[in-house]
Each structure stands twice: as C-alpha cells, then as structure tokens.
Amino acid sequence: MGQQEVYDLLKKYSKKWLNAREIAKLLDASFNTVVGNLKRLRKAGFVLVRKAYQVVEPAGRRLVYLYKFKK
C-alpha cells in the first residue's frame, strides 16, 4: 500500500475530515503504514491537516490529527 491509495481515498471522501485510524480501516491497511504515507503527503502539501479532540476508545478524549483532500 502506498501514498497513492491514501491520496485516492481522501479524494473519494473529499468532503470529510478523516483521522489515520479511519483511513487505515477503510483501506484495510496497517495503521503505521498509513501514518507514514500521510506524513509524506502532508510534507508535500497534498493534504490539509488540522488538530481536533475526539473520543478514542478506551483512552477517552485525545488530540488527533484529521486529514482532508486538498483541492
């Protein structure tokens, strides 16, 4: 699985903000692989990033990064 699959998925869901766990689940891929690919896409400027608090089981409320396709 490469950056292109992550990019295509974000393009498909271009109206939604997704976190790395949601992306990994949709692609049926490893979380660590998805995070590495998102890091490269973020560095290249192909995706939008923001921080938000979300409820993460079982940890409770945590700060997570959300990603969105950049038009």
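This short presentation describes the sheet, the helices and the nonpolar core of one chain.

Good morning, colleagues. Please keep in mind throughout that the model is predicted.

I shall begin with the sheet. Three strands form an open sheet in the order 1-3-2, and their pairing is antiparallel. Strand 1, residues 18-19, and strand 2, residues 47-56, occupy the edges; each has a single partner strand, so one side of each is left without a neighbour in the sheet. Helix 1 packs on this sheet and touches strand 1, strand 2 and strand 3. The direction of helix 1 makes about 90° with that of strand 3.

Let us take the two pairings in turn. Over how many bridges do strand 2 and strand 3 pair? They pair over 10 bridges, in the antiparallel sense. A hairpin through three residues connects strand 2 to strand 3. Along this pairing, Val 55 has Arg 61 of strand 3 as its bridge partner, Tyr 53 stands opposite Leu 63, and Lys 51 is bridged to Tyr 65. On the other side, strand 1 and strand 3 are paired in the antiparallel sense over two bridges. Here Leu 18 has Tyr 67 in strand 3 as its bridge partner.

One residue of strand 1 deserves a separate remark, namely Asn 19. Is Asn 19 buried or exposed? Its relative accessibility is 11%, and because the cut-off for buried is under 20%, Asn 19 counts as buried. A polar atom of the Asn 19 side chain lies 3.1 Å from the backbone nitrogen of Arg 21. Leaving aside residues up to four places away in sequence, Asn 19 touches Gln 54, Tyr 65 and Leu 66.

I turn now to the helices. Two packed helices are described by the angle between their axes and the distance between the axes. For helix 2 and helix 3, the axes come within 9 Å and cross at roughly 115°; the crossing is right-handed. Which residues meet there? From helix 2 they are Ala 20, Arg 21, Ile 23 and Ala 24, and from helix 3 they are Phe 31, Val 34, Val 35 and Leu 38.

Helix 3 also contains Gly 36. This glycine is partly exposed, with a relative accessible area of 22%. Gly 36 and Ile 23 are 13 residues apart along the chain, and 12 Å separates their C-alpha atoms.

Finally, the interior. The largest nonpolar core comprises 13 residues, and those with the most contacts inside it are Val 6, Leu 10, Ile 23, Val 34, Leu 38, Val 47 and Tyr 67. At least two residues of this core come from each of helix 1 (3-12), helix 2 (20-27), helix 3 (31-44) and strand 3 (60-69). What does Ile 23 touch, when residues up to four places away in sequence are not counted? Its contacts are Val 6, Leu 9, Leu 10, Leu 18, Val 34, Leu 38 and Tyr 67.

To draw these parts together: Ile 23 takes part in the meeting of helix 2 with helix 3 and is listed among the core residues with the most contacts. Tyr 67 is on that list as well, and Tyr 67 is also the bridge partner of Leu 18. Thank you for your attention.

Key. Residues are numbered from 1 along each chain as its sequence is written. This is a predicted model: local features need pLDDT of at least 70, side-chain atom pairs count only at pLDDT 80 or more; totals for chains, interfaces and linings use all residues. Side-chain values use heavy atoms; hydrogens and water are left out. A nonpolar core is a set of buried Ala, Val, Leu, Ile, Met, Phe, Trp, Tyr and Cys residues joined through side-chain atoms within 4.5 Å. Buried means under 20% relative accessible area, exposed over 50%, partly exposed in between (1.4 Å probe, protein chains only). Helices (H or I, at least four residues) and strands (E, at least two) are DSSP runs, numbered from the N terminus. Contact means heavy atoms within 4.5 Å. Two strands pair if DSSP finds at least two bridges between them. Axes are lines fitted to C-alpha atoms, for helices over the stretch in contact, and angles run from 0 to 180 degrees between N-to-C directions. A polar contact is a pair of N or O atoms within 3.5 Å; within protein, one must be able to donate a hydrogen and the other to accept it, and residues adjacent in sequence count only if both atoms are side-chain atoms. A crossing is left-handed if the near helix is turned anticlockwise from the far one by less than a right angle, and right-handed if clockwise.
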